[in-house]
Amino acid sequence: MNDLRVYRILKLVRNFFFSSVNREFLIFLFFFALSGTFWLLMTLNESYEREMEISFRVVDIPKNVVLNSDTVTNIKVTIRDKGYSLMTYLYGDKLHQVKINFKNYARKSGYGIVPLAEMQKLIYNQLFSSSRIVSIKPDKYEFFFNYGLCKKVPVRLQGRILPGQSYYLSKISFNPDSVIIYAQKNILDSIKEVYTRRLHIYNLIDTLNENIQLEKIKAVKYVPASVHVSVYPDILTEEGFDVPITAINMPTGKILRTFPSRVRVSFIVGASMFRTIHPESFKVVVDYNELIAHPAEKCNLYLRSVPHGVRNAHIGVNQVDYLIEEQ
């Protein structure tokens with residue numbers, strides 16, 4: 001039964017391929033593929049220019065030397081050659097990393113340079129004899145180093161973070177909050193803090209945790225090169241306390257009584273911060289010297305002390321009745 005089924009399938013396939021219509025279609029496909037092959041060979045035999053990246057790496061660095069620039073740098077090289085040669089560069093393993101021997105190019109000043117002519121020579125060592133270098137960007141390879149001179153500096157956020165409506169930023173923290181920088185002495189002396197790469201976030205309502213690279217400075221190495229940034233938004237809430245009124249500049253033997261003795265202080269604060277705020281953190285005062293200089297039926301109230309994190313604090317009333325008594 002199975003043999004019969006196989007025979008029928010083979011018969012259908014034979015009839016399909018060798019019918020007059022399908023035979024003509026197969027002939028068309030053959031010549032179409034043949035012409036495509038000739039076109040591809042002719043195209044690859046033409047000369048083209050193609051930009052590609054070749055990595056340069058500093059090697060054989062002495063143990064007492066700290067490289068302040070990137071160990072590996074990608075150099076953009078434009079090469080002109082036949083299409084099949086360029087295909088080999090792009091998809092084969094012909095091009096390898098160019099290794100720069102530290103001792104051959106380092107200078108005593110903490111600076112090393114591979115000039116354009118030397119870069120071309122190193123790259124040509126990996127190319128086919130028919131290939132020509134059209135351009136190299138940048139036109140020189142530089143590296144910077146020192147002998148362990150470093151210092152610790154704080155990290156600062158660079159960018160703009162805006163909380164959502166009815167929110168505010170209660171805290172921004174870095175882990176670590178400072179990094180070690182390696183550089184020449186004159187550069188170290190000029191750097192007081194380092195910044196993250198620009199971070200722009202709008203309408204933030206949830207806690208943000210993100211690893212972010214530090215903004216690069218030429219000839220400076222960071223350890224570590226990135227930090228973990230945490231941004232904590234908090235919802236704003238309107239609260240209030242009854243705060244006692246205190247007299248200031250009172251002479252000995254006199255007492256100032258106000259009616260009422262407490263007033264309502266209203267303010268806006270983050271919901272999580274409200275637990276740490278108490279009525280004693282506010283101070284509402286009456287100035288005795290002002291009462292003597294400008295006698296009136298009511299005394300003016302002033303809000304002199306407000307705890308950190310409180311916004312838009314204000315007194316419910318600006319004046320109250322008062323009485324000055326002798327002790």
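N312 is placed in strand β22, which spans residues 311–315. In this predicted model, phi of N312 is near 50°, a positive value in a residue other than glycine. N312 counts as exposed, at 59% relative accessibility. D60 also has a positive phi without being glycine; the angle is near 55°. Its setting is a loop, the one between β1 and β2 (66–67). D60 is exposed, with a relative accessible area of 53%. The cut-off for exposed is over 50%.

The chain as a whole contains seven helices and 23 strands. It has 327 residues, and 32% of them count as buried. Contacts across the sequence were also examined. Among those between residues at least 6 apart, 72% join residues at least 24 apart.

The largest nonpolar core holds 26 residues. Within this core, F56, V77, I100, I123, Y141 and F143 touch the most other members. Several elements give two or more residues to the core: β1 (47–59), β3, α3 (83–91), β4 (98–101), α4 (102–105), α5, β6 (132–137) and β7. The largest share comes from β1, with four residues. I100 illustrates the packing. Residues up to four places away in sequence aside, I100 touches F56, R57, V58 and V59. The contacts of I100 also include Y105, V114, L122, Y141 and F143.

Two of the helices that contribute to this core were examined for sidedness. Helix α5 covers residues 116–124, and its buried residues are M119, L122 and I123. These cover an arc of only 95° around the axis, so they sit on the same side of α5. A117 and K121 are exposed on the other side of α5. An α-helix has 3.6 residues a turn, so residues three or four places apart point the same way. In α3, the buried residues are G83, S85, L86 and Y89. Their arc around the axis is only 160°, which puts them on the same side of α3.

The largest pocket was analysed next. About 530 Å³ of space lies in it. Its lining comprises 22 residues. Of these, N68, S69, D70, K216 and I217 lie nearest the centre of the pocket. The elements that give two or more residues to the lining are β3 (72–82), β7 (141–146) and β15 (221–223). β7 gives the most, with four residues. By residue class, the lining divides into 11 nonpolar, four polar and seven charged residues. Strands β3 and β7 are also among the elements that give two or more residues to the largest nonpolar core.

V220 lies in the loop between β14 (208–213) and β15. V220 is buried, because its relative accessible area is 7% and the cut-off for buried is under 20%. V220 and S69 are 151 residues apart in sequence, yet their C-alpha atoms are 6.4 Å apart in space. V220 touches N68, not counting residues up to four places away in sequence. On the same count, V220 also touches I181, Y182, A183, I187 and I191. S69 and N68 are both among the lining residues that lie nearest the centre of the largest pocket.

A second loop residue, A271, lies between β18 (262–270) and β19 (283–287). A271 is partly exposed, with a relative accessible area of 34%. Its C-alpha atom is separated by 6.6 Å from that of D234, which is 37 residues away along the chain. Neighbours within four places in sequence aside, A271 is in contact with D234, I235 and T237.

Cis peptide bonds were found before two prolines. The bond from V223 to P224 is cis, with omega near 0°. P224 lies in the loop between β15 and β16 (226–248). The bond that joins F259 and P260 is also cis, and omega is about 5°. P260 is found in the loop between β17 (254–259) and β18.

Definitions and conventions. Residues numbered from 1 in each chain as written. Predicted model: local features only at pLDDT ≥ 70, side-chain atom pairs only at ≥ 80, totals over all residues. Heavy atoms only, no water. Buried < 20%, exposed > 50% of the residue type's maximum accessible area, 1.4 Å probe, protein only. Arc of directions from axis to C-beta. 1 Å grid on protein atoms, 1.4 Å probe; cavity = no way out; pocket = protein on both sides within 12 Å on 5 of 7 lines; lining within 4 Å. Points joined across faces, edges and corners; volume = space filled by probe spheres on them. Nonpolar A, V, L, I, M, F, W, Y, C, P; charged D, E, K, R; others polar. Core = buried A, V, L, I, M, F, W, Y, C linked by side-chain atoms within 4.5 Å. Contact = heavy atoms within 4.5 Å.
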